[in-house]
Each structure stands twice: as C-alpha cells, then as structure tokens.
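Hi,

Here is the structure I promised to pass on to you. Have a look at it first, and then read on for what turned up when I went through it.

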Amino acid sequence: YSLYKIRKLSYNIITEEHKYNRFLVSSAYTLCFVCVFRGDIMIKNLAGDFETVEYDEQKYSMLYDNVETEAYPVHWHNAVEIIMPLKNDYTVNVGGVDYNIHENDVLVIPPGELHSMPAIPGRRLIFQFDNRFLGDVSVLEPIMRGLNTPVLINSELNKELHIVAKKVMTEIHSLYRIKHEITDIKIYIHLIKLFMAMKEFRLEQHKILLHCDDATISEYTEK
C-alpha cells in the first residue's frame, strides 16, 4: 500500500469507530429535524452530533442557498463541506477554531470534522458532496491527500487560488438546479479544478519553505 492508501484505510476504520461511539453516546437522543428554509432541510437528520447527509435523488451533492438566521449545533459527517458567504460575513467553528469568512471567501471543511455555526443574518452557499467518488480514483490521490485540514481561501492566502475558489462555487451554484444526467459530472469537474489549484498552491509553498525544485517536491510528496 502507498502511504495515502494506508492513511485512507486508517481514516475509514477510525471514522466507523468514531461514528459507532457517537451513536452509542447519542442513543438517548431522538432523531432531530432542524433548519428548514427555502423548502429545503439544512440538516436532514442529526443523531447526537452525527449528521447523515441525504443527497437529492440521483445526485451525489447537496447545495443550500442559506438565508436563515439560524444556529446549527455541533455536528460532523462524511461529506466534504464548502461554504461561501454571498451577503454579510459568516463564522464557522471547526474543531474548536473560529473561521471568520468574509463575503466571497471560501472555507473547505474535510469529512469527519466537528463543526458548528452561530445564528448570523445574511446569505451563504453551503455545499456538501460525496467525496468517495474522487477518493476511490487512484489518479486523483495526489489532490485528495490535501483534504485533511480545514482551509480558508481568501485573497490573503493567495489571490489566484481565491479567484478559482469563487469561480468554482459560482459555477456549482449555476449548475445545481439544472436537472440533467451529466450535471453532477460537471460539478465534480469543477471540484477537481479547485482541488488541483489547492494542491498546486501547497506544492509552491513547500518549494519556498524547503528551497528545492519540482523534482525534489515530487519525491517528497510521494513518501
């Protein structure tokens, strides 16, 4: 096994154990249905702090155009979550750290991360997708390795990456309501573009930090 596959296998084992333990702890809870807005349900079912993400029929992603001033309790799920405020700033607490997201900035939350949102007025896009389809494709392993920590993408981090992230979220927003058999494929193509840009940014940061060339960085990232 490659190091990535070993990490992935370990993550799956830990996630299943984590999920089971949280289910035992939350057995006294009833299934909660909260956060209804614009005809959608933000958190469809929450047992304790574990959210089961239910995607739309024949879709592998879920997009919420959220305008509710509603607090969302601490929860986690197996989906990757991407948030971009459209009107007013937004705050998300991930693993005990507050991420203050300005308009058109983008926060990427990896699967398995405990996170919550306070009640803040405004409008924001909240996008969740099933990352198994990308994680199970070996050729995409280099870009999927990076989805292990939250990333706040803004102009201070990197202007080019910020432009890519904004464009990807805008394109996904436009595509999501189109009922066509290839819509999800187009959405995943945009996601791959974003994750490629994130990977390239990290490689450039490593080059600067380690004072080395592309060949050395490639060897380093494969270990």
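Let me begin with a residue on the outside: Lys167 has a relative accessible area of 56%, so it counts as exposed. Please keep in mind throughout that this is a predicted model. Lys167 belongs to helix α4, which covers residues 159–176. Its C-alpha lies 9.1 Å from that of Leu194, and the two residues are 27 positions apart in sequence.

**Strand β11 and its neighbours**

I would look next at strand β11, residues 123–129, where six of the seven residues are buried. On which strands does it pair? One partner is strand β4 (residues 61–66), which is antiparallel to β11 and joined to it by six bridges. Within that pairing, Leu63 has Phe127 of β11 as its bridge partner. Another partner is strand β6 (residues 80–87), also antiparallel, with seven bridges to β11. Here Ile82 is the residue opposite Phe127, while Lys87 sits opposite Arg123. Phe127 therefore has a bridge partner in Leu63 and stands opposite Ile82 as well, and at 0% relative accessibility it is buried.

Strand β6 is mostly covered too, with six of its eight residues buried. Besides β11, β6 pairs with β9, antiparallel and over three bridges. In that pairing, Ile83 is matched with Leu107 of β9.

**The salt bridge**

How many salt bridges does the count give? The number comes to one. It is formed by Arg123 and Asp65, whose closest N and O atoms are 2.7 Å apart. This contact connects distant parts of the chain, since Arg123 is in strand β11 and Asp65 in strand β4, 58 residues away from each other. The two ends do not have the same cover: Arg123 is partly exposed at 29% relative accessibility, whereas Asp65, at 11%, is buried. As a general point, side chains of opposite charge can pair when their charged atoms come close.

**Aromatic rings**

There are three aromatic pairs in the count. One of them is Phe127 with Phe129, a stacked pair with centres 5.9 Å apart and 25° between the planes. Phe129, like Phe127 above, counts as buried because its relative accessible area is 0%. Phe129 also pairs with Phe195, this time in a tilted arrangement at 6.0 Å centre to centre and 35° between the planes. That pair spans distant parts of the chain, with Phe129 in strand β11 and Phe195 in helix α5 (residues 183–210), 66 residues apart. Both Phe129 and Phe195 are buried. Together with Tyr188, the residues Phe127, Phe129 and Phe195 make up one aromatic cluster.

**The nonpolar core and a surface patch**

The aromatic residues lead straight on to the core. The largest nonpolar core has 45 residues, and the members that touch the most others are Ile82, Val92, Phe127, Phe129, Ile153, Leu191 and Phe195. Helix α5 makes the greatest contribution to this core, giving eight residues. In general, nonpolar side chains tend to be buried together in soluble globular proteins.

There is a nonpolar feature on the surface as well. Ile182, Ile185 and Ile189 make a patch of about 250 Å², and Ile185 is located in helix α5.

**Two asparagines in loops**

Finally, two backbone angles that you may want to check by eye. Asn88 has a positive phi of about 75° even though it is not a glycine. It lies in the loop between β6 and β7 (90–94), and its relative accessibility of 34% makes it partly exposed. Asn104 also has a positive phi, near 70°, and is likewise a residue other than glycine. This asparagine is in the loop between β8 (97–101) and β9 (106–109). With a relative accessible area of 32%, Asn104 is partly exposed.

If you would like one place to start, I suggest Phe129: it is buried at 0%, it belongs to the aromatic cluster, and it is among the core residues that touch the most other members.

Best wishes

Conventions: Residues are numbered from 1 along each chain as its sequence is written. This is a predicted model: local features need pLDDT of at least 70, side-chain atom pairs count only at pLDDT 80 or more; totals for chains, interfaces and linings use all residues. Side-chain values use heavy atoms; hydrogens and water are left out. Helices (H or I, at least four residues) and strands (E, at least two) are DSSP runs, numbered from the N terminus. Buried means under 20% relative accessible area, exposed over 50%, partly exposed in between (1.4 Å probe, protein chains only). Two strands pair if DSSP finds at least two bridges between them. Rings of Phe, Tyr and Trp (its six-membered ring) pair if their centres lie within 6.5 Å; planes under 30 degrees apart count as stacked, over 60 as edge-to-face and the rest as tilted. Patches are made of residues with over 30% relative accessible area and no salt bridge: like charges are joined within 9 Å, nonpolar side chains (Val, Leu, Ile, Met, Phe, Trp, Tyr) within 5 Å. Accessible areas come from the Shrake-Rupley method with a 1.4 Å probe; for residues, only the protein chains shown count as cover. A salt bridge is a side-chain nitrogen of Lys or Arg within 4 Å of a carboxyl oxygen of Asp or Glu. A nonpolar core is a set of buried Ala, Val, Leu, Ile, Met, Phe, Trp, Tyr and Cys residues joined through side-chain atoms within 4.5 Å.
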